[in-house]
Amino acid sequence: MKDNFTLRVRARKTRLFIMALLVLPTAYWAMSQVYIIFQPNEFRPLEWVQLGLTSVLFLWLTMAFWTSIIGFLLKLFKRDPLTFQAEQHAPVSAEPLNKRHAIVMPVYNEETQRIMAGFEATVLTMLPTHSSEQFDFYMLSDTQDQTLLSAELRSWESLLKRLPKEAAKRCFYRNRKKNVGRKVGNIKDFCQRWGHQYESMIVLDADSIMTGEKMLELAQRMEANPTTGLIQTIPMPARQSTFFGRFVQFAAQVYSPMLATGLSFWQGDCANYWGHNAVIRVKAFIDTCGLPALKGKQPFGGEILSHDFVEAALLRRAGWQVFLLTDSAGSYEEVPSNIIDYATRDRRWVQGNMQHLGIVTSKGLHLANRMHFTFGAFAYASSILLLLSLLAGTTDALIQAFTTPVYFTSTYQLFPTWLITKKNVMITTLWVTIALLFLPKVLGIVITLLQRRKEFGGGINFLKSAVVEFFFAVLLAPVMMMFHSYFVLNVLAGKSVKWEAQVREGRMLPWSQAFRFSYLLTTIGLIWGGVTAYYTPTLFLWLLPVFSGLVLAAPIIRLSSSVKFGLWCKRKGIFLLDTECQPNSAIRNVNRSMKNLQMERKLAVVPSLPDEAWVDMPLQPLARGIYPPKSSNEVPSTVLPVSSKLG
């Protein structure tokens, strides 16, 4: 196998130390400046609250800031984040694969036409590659809705007739009677029944799209790196037509490669797993990734929901390397088409990520994986900390507006106690905060202009898109801050949520739904903004972007879900992407299948499955984990009976 397929990490032990040298002094300096602003005058309780909240937020901001800076520098000089050598995109090797590999797509109550189109596209894009015969394809259905299940069976039978015979023999469909363990149980069932036949499995989501070249590259890397347990790609959003969907696609295409490069720098071989568009060594997964239930009730106890972070941590704890590939070509996913569906997905992720705080102290975990758990939870908890900080600052300003200054605090005081304003320090701290927030975005724009502007329709179209993306992101930020704050409060209050299938295709939200989800935000924005404008006009001007997003929440939600508006922007060159102008074979196959796929009306038979040999998947020790007695080697009754191998 070619040498550039080998994954190596230079200076593995110093990477987190370097990040600490960058992040901690920067965060400390920012915190000290806030302290200096408050310190000359007598500290009030709300100022202590603001100091505490902003200190935590500065620590979070500086970590994201330096991750972006490092990613920018590595991208600018075209250096690989693992080896620091000249960046080389590994082409597919001409050498054939020596072992067998599986491509698995777990689905649950999904829209039938979309998952079949995606599965068909996956098979078709793999067939032209030189080692396609080394891959088997599995649709692992946990669908419980009987109407959808019947549609899946009919559509599967039709799919096998459309595919070439040799490819159809390597395509398998399995439905479990009950989705025990959700996606974790779905993948576990595959591994225990058929995993022993394969060196690795490429895990796709129901909306994943990957090119044959990328999947073959992942398999080749697995064979070339025997100590690697998992390789994660960067799945780029694609195939959305609404304004909001195209906004998310554009932002991800611009900023994700730079951010992922920075992440890869400090993660090294302790990277994270995002649940899909990744390749996993099956034996390593079986031996080390059996997940126990957690003690206590949901949302903090019960089944581990955001399992992917935990599985990556367990692989690394057992000595397997976990990598993030920063070459974004050939790996795609679809995102929710509107803000409400996007927030609904985040609600599930909030619960799953907050649950990680209970297992972050588990024995043997690598520091990088503990950071993944902490930062994953803080990605959502930071919203409520920011909201509390803004409310504390507003309350403090209003109290001062209603309070007459006292210059003589004692009876025999000779000179007045003047209020001291550290104007220069305040201005410096303000600009530092702005830099921490927006410089990564500016750097993403700069590196894209220098190296990738053709992918966005040229420099002019890209700059137009960047301006629109910036202003819409500013308006959207307070809306998402309020949503995330509400979700975190729900989790802390012990309220759980069902993990249902996502709505994936574009849809225009009615005004009634937009108002139903936003009227409280608008009310808060009007009251908060009105009181602030009347009593503290200067603070009102600083918080105007926050108030604007809250007050305009309903029209933002409604209009951004418009397909017509999204397509109009596309015609004007706004949010234009190369995957639209020159789609690759995988995306073309999905688009073609979505247009041409027809449902068969006749009753379909249950598909056959490969021969299986059951293996146990041992549960791994975790903090707060509970472990049931060892089960027998029998196949659970919730699984369909074993069938003979197809063909």
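## Before the first helix

Let's begin with Ala11, which sits in the segment before helix H1 (15–38). In this predicted model, the phi of Ala11 is near 55 degrees, a positive value in a residue other than glycine. Most residues other than glycine have a negative phi. How buried or exposed is Ala11? Its relative accessibility is 43%, so Ala11 counts as partly exposed.

Further along the chain, Arg239 also deserves a look. Arg239 has a positive phi of about 70 degrees, although it is not a glycine. You will find Arg239 in the loop between strand E7 (236–237) and helix H8. With 22% relative accessibility, Arg239 counts as partly exposed, because the cut-off for buried is under 20%.

## The seven-stranded sheet

Now turn to the open sheet of seven strands. Following the sheet across, the order is E3-E2-E1-E4-E8-E6-E10, and the pairing is mixed. Which strands lie at the edges? They are strand E3 (171–175) and strand E10 (321–324), each of which pairs on one side only. From one strand to the next, the twist averages 20 degrees.

Strands of a sheet pair through backbone hydrogen bonds, either parallel or antiparallel. Strand E1 (residues 101–107) and strand E4 (residues 200–203) run parallel and are joined by four bridges. His101 has Ser200 in E4 as its bridge partner.

## Helices that pack on the sheet

Two helices to look for here are H4 and H6. Helix H4 (residues 146–162) packs on the sheet and touches E1, strand E2 (135–141) and E3. The direction of H4 makes about 170 degrees with that of E3.

Helix H6 (residues 182–194) packs on the sheet too, touching E1, E2, E3 and E4. Between the direction of H6 and that of E1, the angle is about 150 degrees.

## Strand E6 and its partners

Where does strand E6 fit in? In the order of the sheet, E6 stands between E8 and E10. Strand E6 (residues 228–232) has five of its five residues buried, so it is largely enclosed by the rest of the structure.

The two partners of E6 show both kinds of pairing. E6 and E10 run parallel and are joined by four bridges, and the bridge partner of Gln232 in E10 is Leu324. With strand E8 (residues 278–281), E6 pairs in the antiparallel sense over three bridges. There, Leu230 stands opposite Ile280 in E8.

## A buried glutamine

Leu324 turns up again in the surroundings of Gln267, a residue of helix H8 (residues 243–267). Is Gln267 buried or exposed? Its relative accessible area is 6%, so Gln267 is buried. Leaving aside its neighbours within four places in sequence, Gln267 is in contact with Asn272, Leu324 and His372.

## A nonpolar patch on the surface

To finish, look at the surface of the model. Leu73, Leu76, Phe77, Leu439, Val442, Val446 and Leu450 form a nonpolar patch there, and together they have about 570 Å² of accessible area. Which helices each supply at least two residues of the patch? They are helix H2 (45–76) and helix H13 (423–451). H13 gives the largest share, four residues.

One of the patch residues is Leu439, which is found in helix H13. Its relative accessible area is 30%, so Leu439 counts as partly exposed.

Key:
Residues numbered from 1 in each chain as written. Predicted model: local features only at pLDDT ≥ 70, side-chain atom pairs only at ≥ 80, totals over all residues. Heavy atoms only, no water. Patch = residues over 30% accessible without salt bridge, like charges linked within 9 Å, V, L, I, M, F, W, Y side chains within 5 Å. Areas by Shrake-Rupley, 256 points an atom, 1.4 Å probe, with all protein chains shown as cover. Salt bridge = Lys/Arg side-chain N within 4 Å of Asp/Glu carboxyl O. Buried < 20%, exposed > 50% of the residue type's maximum accessible area, 1.4 Å probe, protein only. Contact = heavy atoms within 4.5 Å. Pairing = 2+ DSSP bridges. Axes fitted to C-alpha atoms, helices over the stretch in contact; angles between N-to-C directions.
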